Amino acid sequence: MLFWILASLLASLLLPNGECSKIIGGQEAAPHSRPYMALLDTNGYQCAGTLIKADWVLTAAHCKVNSSTTIKLGVHSRTVVNKYVQTFKYLRSKKRDFNSRTLNNDFEIVQLSGKAKLNKAVKILPLPDKFDDVKDGTVCDTAGWGTTKKGIVQPADKLMEVSLTAISRKKCAAKWKSGTKITNNMMCTFDASGKKDVCRGDSGGPLICEKMFRGIISFGPKLCANPELPSVYTFLTKNYVNWIKKEIN
């Protein structure tokens with residue numbers, strides 16, 4: 001299996017020519033239009049996350065999160081500080097039976113060193129209260145600061161967003177038939193044209209379908225925006241959400 005996380009761990013190396021490394025086919029988000037977005041940085045290793053409580057962020061378990069991690073809220077540009085940016089240190093985190101080989105249970109809750117001040121640029125995204133599968137063909141959206149140029153690993157400066165189409169788990173599993181198991185704890189998006197996708201640096205960000213938080217960016221093919229392979233997300237099941245609520249409360 002060729003996952004973005006493998007390349008992220010080698011972020012200092014050049015990528016092969018033609019390999020995509022960005023939110024593909026997206027656009028710059030309006031500043032602070034996604035106030036729940038969190039930017040996690042661990043010595044240059046970057047992931048996204050979602051503010052789910054004033055002092056808790058939900059991200060992907062494969063993201064490198066530890067005592068060196070800085071978590072920022074209210075970010076639009078990574079390089080231009082605005083008056084809404086709030087910076088926190090890592091306090092602690094919890095995973096639930098994460099399997100780094102299969103990427104099953106790829107989610108992690110991270111407690112901040114303090115409570116965020118909620119305002120127009122920093123808001124909580126509610127966890128879902130609906131747990132049926134996202135229907136095939138549903139248009140979802142997501143965002144991140146993933147890298148924007150082919151051939152090098154370099155994060156986007158400004159928050160980018162993209163709309164993506166969900167496909168059924170059955171269709172996703174059929175496309176990922178060569179050794180990658182798509183479990184009931186996962187969901188997928190796919191663009192057959194190969195023009196839109198998420199990629200490195202976007203991991204941990206939220207997938208929103210019909211205005212509800214439904215998934216967390218997890219993994220995808222080495223060739224982002226691959227017209228043959230879908231991108232895969234941790235599906236926010238009832239079981240997961242109940243566990244998260246118990247832990248953060």
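I took contact to mean heavy atoms within 4.5 Å. The model I worked on is predicted.

**Entry 1: asparagine 226.** I looked up its contacts, leaving aside neighbours within four places in sequence, and found Phe190, Asp191, Asp197 and Pro221. Asparagine 226 sits in the loop between β12 (212-219) and β13 (231-235). Its relative accessibility is 13%, so I entered asparagine 226 as buried, the cut-off being under 20%.

**Entry 2: cavities.** I counted three cavities of 30 Å³ or more. The largest cavity holds about 60 Å³ of space. I then checked its lining for asparagine 226 and found Asn226 there, along with Phe190, Asp191 and Asp197 from the contact list. The rest of the lining is Leu164, Thr189, Gly194, Lys196, Ala225, Leu229, Pro230 and Ser231. By class, I noted five nonpolar, four polar and three charged residues in this lining.

**Entry 3: nonpolar cores.** I turned to the largest nonpolar core, which has 41 residues. The members that touch the most others are Ile52, Val57, Leu58, Leu73, Ile109, Phe213 and Ile244. Two or more residues come from each of β2 (37-42), β3 (45-53), β4 (56-59), β5 (69-73), β7 (108-112), β12 and α3 (238-248). I also recorded a second, separate core of 15 residues, with Ile23, Leu207, Cys209 and Ile217 among them.

**Entry 4: leucine 58.** I listed what leucine 58 touches, not counting residues up to four places away in sequence. Among them are Ile52, Ile109, Phe213 and Ile244, which also appear with Leu58 among the core members touching the most others. The list for leucine 58 further includes Gly49, Thr50, Phe107, Glu108, Leu127, Gly204, Ile216 and Leu236.

Definitions and conventions
Residues numbered from 1 in each chain as written. Predicted model: local features only at pLDDT ≥ 70, side-chain atom pairs only at ≥ 80, totals over all residues. Heavy atoms only, no water. 1 Å grid on protein atoms, 1.4 Å probe; cavity = no way out; pocket = protein on both sides within 12 Å on 5 of 7 lines; lining within 4 Å. Points joined across faces, edges and corners; volume = space filled by probe spheres on them. Nonpolar A, V, L, I, M, F, W, Y, C, P; charged D, E, K, R; others polar. Helix = DSSP H or I, 4+ residues; strand = E, 2+ residues; numbered from the N terminus. Buried < 20%, exposed > 50% of the residue type's maximum accessible area, 1.4 Å probe, protein only. Core = buried A, V, L, I, M, F, W, Y, C linked by side-chain atoms within 4.5 Å.
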